[in-house]
Amino acid sequence: MSSASENIILALDVETFEEAEYFVKTLRNTIGIFKVGKQLFTRCGPKIIETVHDHKGKVFLDLKYHDIPNTVARAVEEAVKLKVFMLTIHAMGGMEMMQEAVASSISSARTMSAPPPLIVAVTILTSLRQEDLGAIGIDLPIEEAVSRLAVLAKQAGVKGVVASAQEAKRIKAACGNDFIIVTPGIRPQDTSLDDQKRVVTPKEALRSGSTFMVIGRPILKASDPLKAAQEIAREVE
Ligand code: C5P
């Protein structure tokens with residue numbers, strides 16, 4: 001497995017366990033990390049995480065926890081028991097929620113003698129526009145709200161954020177070079193944009209400071225998913 005495979009996360013945005021298992025089996029030598037999101041987890045539960053592990057892949061559990069601190073801490077504890085590599089929480093849950101999530105990840109990992117998962121925060125969902133923030137009483141410009149939430153996440157001990165490549169530079173400036181940036185919206189040259197509006201190529205994403213790239217449809221919908229993944233891995237190397 002190449003080092004590029006450690007930077008690429010395949011978004012397992014599929015409906016069934018069988019489809020997810022097919023992609024994991026087919027791509028496990030090219031891609032090291034598989035994102036399990038709300039749809040697939042609600043459909044399949046922990047079984048899909050075990051399957052990724054059976055094929056020696058790592059799991060990015062993208063359930064975007066956002067609740068009272070104790071509830072999030074207990075959910076994180078369960079995610080640690082499932083041995084996920086990385087998971088998401090919402091920075092909008094606030095400082096205490098993020099701190100408890102981090103503390104819970106460390107203490108439960110210690111109990112299991114395992115490394116704690118990387119916790120990354122979602123700042124402002126990219127589906128929200130300035131006027132949507134205004135409607136809920138947030139008058140800060142979106143970019144400032146993103147930076148502020150990223151700094152808050154860092155202060156809470158969170159290891160990074162999910163952000164577009166366009167936001168990566170600003171976030172690195174605010175939070176330092178070690179802060180992890182997970183970027184979706186990646187499109188290799190000459191592939192369909194699907195519903196993504198602002199996209200960058202894998203190479204551009206890395207250049208702007210992306211640590212991990214989340215890629216779904218350019219691989220899932222390709223006529224030859226393995227070839228598509230290999231081409232992206234080559235570009236990243
Ligand atoms: O198919 P595509 O490569 O566009 O998939 C990108 C993945 O990243 C999807 O799972 C999508 O939900 C996720 N994502 C995103 N934009 C965000 C946050 C997450 O596209 N701002």
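Start by selecting D62, which is found in strand 3; strands here are DSSP runs of E with at least two residues, helices are runs of H or I with at least four residues, and both are numbered from the N terminus. Before going further, note that this is a predicted model, in which local features need pLDDT of at least 70, side-chain atom pairs count only at pLDDT 80 or more, and totals for chains, interfaces and linings use all residues. Residues are numbered from 1 along each chain as its sequence is written, and side-chain values use heavy atoms, with hydrogens and water left out.

**Around D62**

With D62 still selected, colour by accessibility: D62 is buried, with a relative accessible area of 7%, where buried means under 20% relative accessible area, exposed means over 50% and partly exposed lies in between, using a 1.4 Å probe and protein chains only. Show the side chain of K64 as well, and a polar contact of 2.9 Å appears between the side chains of D62 and K64. A polar contact is a pair of N or O atoms within 3.5 Å; within protein, one must be able to donate a hydrogen and the other to accept it, and residues adjacent in sequence count only if both atoms are side-chain atoms. Leaving out residues up to four places away in sequence, D62 touches K35, V36, G37, K38 and T88, contact being heavy atoms within 4.5 Å.

**The barrel**

Now show the cartoon of the strands, which form a closed barrel of eight, running 1-2-3-4-5-6-7-8 with parallel pairing. On average, neighbouring strands of this sheet are turned by 25° against each other, direction ignored; axes are lines fitted to C-alpha atoms, for helices over the stretch in contact, and angles run from 0 to 180 degrees between N-to-C directions.

**Strand 7 and its neighbours**

Move next to strand 7, where I180 and V182 point one way while I181 and T183 point the other way, and all are buried. In a regular strand the side chains alternate between the two faces of the sheet. On one side, strand 6 (residues 160–162) pairs with strand 7 in the parallel sense over three bridges, two strands being paired if DSSP finds at least two bridges between them. Strand 7 is also joined to strand 8 (residues 212–215) by two bridges, and these strands run parallel. Selecting V182 links the two pairings, since V162 stands opposite V182 in strand 7, and V182 stands opposite F212 in strand 8.

At residue 183, T183 lies in strand 7 (residues 180–183) and counts as buried at 0% relative accessibility. The side chains of T183 and S210 are joined by a polar contact of 2.8 Å. Apart from residues up to four places away in sequence, T183 touches A163, S164, A165, A205, S210, F212, M213 and V214.

**The ligand**

Which residues are around the ligand? Select A11, D13, K35, T126, P184, R187, Q196, V214, I215, G216, R217 and P218, a residue being near a molecule or strand if one of its heavy atoms lies within 4 Å of it. An N or O atom in the side chain of D13 is 2.7 Å from an oxygen atom of the ligand, and a polar side-chain atom of R187 lies 2.8 Å from an oxygen atom of the ligand. At R217, look at the backbone, where an N or O atom lies 2.7 Å from an oxygen atom of the ligand.

**Helix 3 and I48**

Turn to helix 3 (residues 46–54), which lies across strand 2 (33–37) and strand 3 (58–65), running at about 155° to strand 3. Within helix 3, select I48, which counts as buried at 0% relative accessibility. Leaving aside neighbours within four places in sequence, I48 is in contact with F17, A20, V36 and L40. From I48, draw a distance to K83: the two are 35 residues apart along the chain, and their C-alpha atoms are separated by 12 Å.

**Two loop residues**

K83 is found in the loop between helix 4 (69–81) and strand 4 (86–90), and is K83 buried or exposed? At 54% relative accessibility, K83 counts as exposed, and K83 has a positive phi of about 60° although it is not a glycine. Go on to D190, in the loop between strand 7 and helix 9 (202–207). D190 has a positive phi of about 65°, although it is not a glycine, and is exposed with a relative accessible area of 80%.

**Last stop: the cysteines**

Finally, select C44, which is buried with a relative accessible area of 16%, and C175, which is buried with a relative accessible area of 4%. A search of the whole structure finds zero disulfides, a disulfide being a pair of cysteine sulfur atoms within 2.5 Å.
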